[in-house]
Amino acid sequence: MGFGQKAVERLFSDEKRAQRVVDALGKAQQAKKSIDSTQRVVMHQLNFATKQDFKDLGRQLSGLKKRLRSLDDKLAAL
């Protein structure tokens with residue numbers, strides 16, 4: 001752990017080098033967003049579900065389960 005911390009401290013000790021690292025990380029994040037966006041478009045054009053589609057469906061299913069439990073409780077109370 002100490003070696004990693006020393007390496008990071010040394011890496012960021014020079015302001016110009018630190019700025020280049022930050023810029024590179026920013027560009028990498030933008031590239032990932034662009035790739036993810038393009039991937040979503042292509043997946044939808046091919047009629048494949050994306051990871052976000054599965055997450056959305058999971059949320060909808062969770063909501064339906066809650067509503068079903070509520071209705072079941074109301075029926076049990078009758």
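Here is a short tutorial chat about a predicted model of an all-helix protein.

Student: What makes this an all-helix protein?

Tutor: Just count the elements: the predicted model has three helices and zero strands. Reading from the N terminus, they run α-α-α.

Student: How do you know whether the protein is spread out or a compact globule?

Tutor: Set its radius of gyration against the globule rule. The protein comes out at 24 Å, and the rule gives 12 Å for 78 residues, so the protein is more spread out than a compact globule. You can also look at the C-alpha trace, which spans about 70 × 40 × 20 Å along its principal axes.

Student: And what share of the residues is buried?

Tutor: Buried residues are 3% of the 78, where buried means under 20% relative accessible area. As for the surface, the accessible area comes to about 7,500 Å², and carbon and sulfur atoms hold 59% of that.

Student: Why is S37 called partly exposed?

Tutor: Its relative accessibility is 33%. Buried would need a value under 20% and exposed one over 50%, so at 33% S37 counts as partly exposed. S37 sits in helix 2, by the way. Its C-alpha atom is 30 Å from that of R17, which is 20 residues away along the chain.

Student: How do you know what span to expect for helix 2?

Tutor: Use the rise of 1.5 Å a residue. Helix 2 has 31 residues, and the expected span is 45 Å, because the rule multiplies 1.5 Å by one less than the number of residues. From first C-alpha to last, helix 2 reaches 45 Å, close to that expectation.

Student: What happens to phi at N47, just after helix 2?

Tutor: N47 takes a positive phi there, about 60°.

Student: Which residues line the largest pocket?

Tutor: The lining is made up of D36, Q39, R40, M43, A49, T50, K51, Q52 and K55. The space in this pocket is about 240 Å³.

Student: Which helices supply at least two residues each to that lining?

Tutor: Helix 2 (15-45) and helix 3 (51-77) both do. Helix 2 gives the most, with four residues.

Student: How do you sort the lining residues into nonpolar, polar and charged?

Tutor: Go by residue type. Met and Ala count as nonpolar, while Asp, Arg and Lys count as charged. Apply that to the whole lining of the largest pocket, and you get two nonpolar, three polar and four charged residues.

Key. Residues numbered from 1 in each chain as written. Predicted model: local features only at pLDDT ≥ 70, side-chain atom pairs only at ≥ 80, totals over all residues. Heavy atoms only, no water. 1 Å grid on protein atoms, 1.4 Å probe; cavity = no way out; pocket = protein on both sides within 12 Å on 5 of 7 lines; lining within 4 Å. Points joined across faces, edges and corners; volume = space filled by probe spheres on them. Rg over C-alpha atoms; globule rule 2.2 N^0.38 Å. Buried < 20%, exposed > 50% of the residue type's maximum accessible area, 1.4 Å probe, protein only. Areas by Shrake-Rupley, 256 points an atom, 1.4 Å probe, with all protein chains shown as cover.
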